[in-house]
Amino acid sequence: MSELSDELLVAYVDGQLARDQSTAVKGVVEFDDVSNKRVAGLRRANARLEEAFEAMLREHRDEEDEVEEQPAEVEPDVAPAAIAGQSALAVFLSNHGALVLAGGAFAVLLLGVGAGYLINTGGTVQVTQPVAAPNKPQAPAWQKEIALTQGMFGREALEVSLESQANPDLVRFQLASVIGPSLALPDLEPEGLRFMRGQILRSSGEPIAQISYLPEQGPPIALYAKADSNGQTDLGSLSQGDVRTRAWLHEGIAYVLAAALSEPEMDALAEKIKGVIASQ
Amino acid sequence: MRTQLIEMLPRLRRFAGVLANSAEERERLLSTACDAMLENAHRYQSGVQFDRWAFSEIHAMWLKGLAERDEPIVPGPAEERLFLPQAGEIDGDREFAEFLRSLPAQQRVVLLLVYGEGLSYEDAAKLLATPLETIARRAARGLIAFSAHLEGPAAGTTHQADVQQLYPEQKRVPA
């Protein structure tokens, strides 16, 4: 049996002793075989514990990497009741499932223009999805990103911009060269919406056109468009905070109207825009 | 804060994992704690290391959960899969998992903080709001037990007995 207590030896091995204490223990250990062997065993255990905990961490990192590589189609349904009524920055779910919006919305977060939310589910990290409108199809991930982004898109972003573009035809041409030739840039002046600018954003690595309008008052309204690759005709809708979306497909382009309007106002505006686009 | 939490999530999950007895409990704890952290972000004081604050919040949430239990705590080891890599198990992983699951959560978390996160006893004591002596004792018992566990099956049996003797609270069922 060592003259030094196990607790002291462990503290010594762990490097938790003050210098003079450590020197004293070291002096004893060097000349005491029992203590020496004990310290060697503790050092092995110490190193093994560190390795094992590091392996646990790698496991969790790998899980998240795998989740981030999953396609958006695997996203599970959310539990709307679990997030309804909670503050926008405090939405966490504990239901099982895979990643929702992790890649795209996380990128949006990093860009500072999005408002994603963490979710922790069954070994994966998620960024929360907004509440889906009842009795409607689950909205695709990119549409939710749009709603999240729109929530951070203030009036000032357009008012102070030097990039407001005066020529809608030129803007349409530029956007269409990226999104697709059938892209429409509707004139909404009759609806009291002044075209301000068009720009290309990215969601999950794919380009999305953002066409911005300003009403006489209130926050901007935006129409987003992206090339539709899967032909899903019913794109659903959702709400995220004050922002609501309406989405539809037209000539291979998926459009999403995003605005802080009431449900009836959204329905009415979406129908008018659909009509304008169809007539162009 | 949200971004910081996302970046820290693997470490937070590992931390919650050593407190929990099952993967479901881990996820529930982590989710609830992150939720609380975002809701109470104003409580975070700049200058405090964020990871330690987050760990302490999870620990506090875990303690709160224990206090609010309606049913007695059922003694029993934690799920092995909490500590065992699912893919690519390597030599020694299983013995580590077996060892860790046999310990009470209070000791697992000390081992994680000291050997996994590299905290000093003093910092671990502050984080867990536990006396320094207790932390030092738990770290010592844990390392000694693991060292014995690594020595072989016989030592492992001894370790099991040691754990139960040293940590009777694990078997205690509150009234």
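**Exercise 1.** Walk along chain B of this predicted model from the N terminus: in what order do the elements run?

*Solution.* Start at the N terminus and read off the elements: α-α-α-α-α-α-α-α. Now tally by type, and chain B has eight helices and zero strands.

**Exercise 2.** Work out what share of chain B is buried, and what its surface is made of.

*Solution.* Begin with the inside: of the 175 residues in chain B, 51% are buried, with under 20% relative accessible area as the cut-off. Then turn to the outside, where the accessible surface of chain B is about 8,000 Å². Carbon and sulfur atoms account for 49% of that surface.

**Exercise 3.** Take the contacts in chain B between residues at least 6 apart in sequence: what percentage join residues at least 24 apart?

*Solution.* Set aside pairs that don't reach the 6-residue separation, then apply the second threshold; 65% of the contacts qualify.

**Exercise 4.** Describe how helices α2 and α3 of chain B pack: what is their crossing angle, and which residues touch?

*Solution.* First, the geometry. Helix α2(B) spans residues 23–39 and α3(B) spans 50–68; their axes come within 9 Å and cross at roughly 120°. Because of that angle, α2(B) is oblique to α3(B). As for handedness, the crossing is right-handed.

Next, the residues. On the α2(B) side, look for B:Glu25, B:Leu29, B:Leu30, B:Thr32, B:Ala33, B:Ala36 and B:Met37. Facing them from α3(B) are B:Trp53, B:Ala54, B:Glu57, B:Ile58, B:Met61 and B:Trp62.

Last, sort this contact by chemistry: you get 10 nonpolar residues, one polar and two charged.

Definitions and conventions. Residues are numbered from 1 along each chain as its sequence is written. Chains are lettered from A and ligands numbered from 1 in the order in which they are written. This is a predicted model: local features need pLDDT of at least 70, side-chain atom pairs count only at pLDDT 80 or more; totals for chains, interfaces and linings use all residues. Side-chain values use heavy atoms; hydrogens and water are left out. Helices (H or I, at least four residues) and strands (E, at least two) are DSSP runs, numbered from the N terminus. Buried means under 20% relative accessible area, exposed over 50%, partly exposed in between (1.4 Å probe, protein chains only). Contact means heavy atoms within 4.5 Å. Accessible areas come from the Shrake-Rupley method with a 1.4 Å probe; for residues, only the protein chains shown count as cover. Axes are lines fitted to C-alpha atoms, for helices over the stretch in contact, and angles run from 0 to 180 degrees between N-to-C directions. Angles under 35 degrees count as roughly parallel, over 145 as roughly antiparallel, 65 to 115 as roughly perpendicular and the rest as oblique. A crossing is left-handed if the near helix is turned anticlockwise from the far one by less than a right angle, and right-handed if clockwise. Ala, Val, Leu, Ile, Met, Phe, Trp, Tyr, Cys and Pro count as nonpolar, Asp, Glu, Lys and Arg as charged, and the others, Gly among them, as polar.
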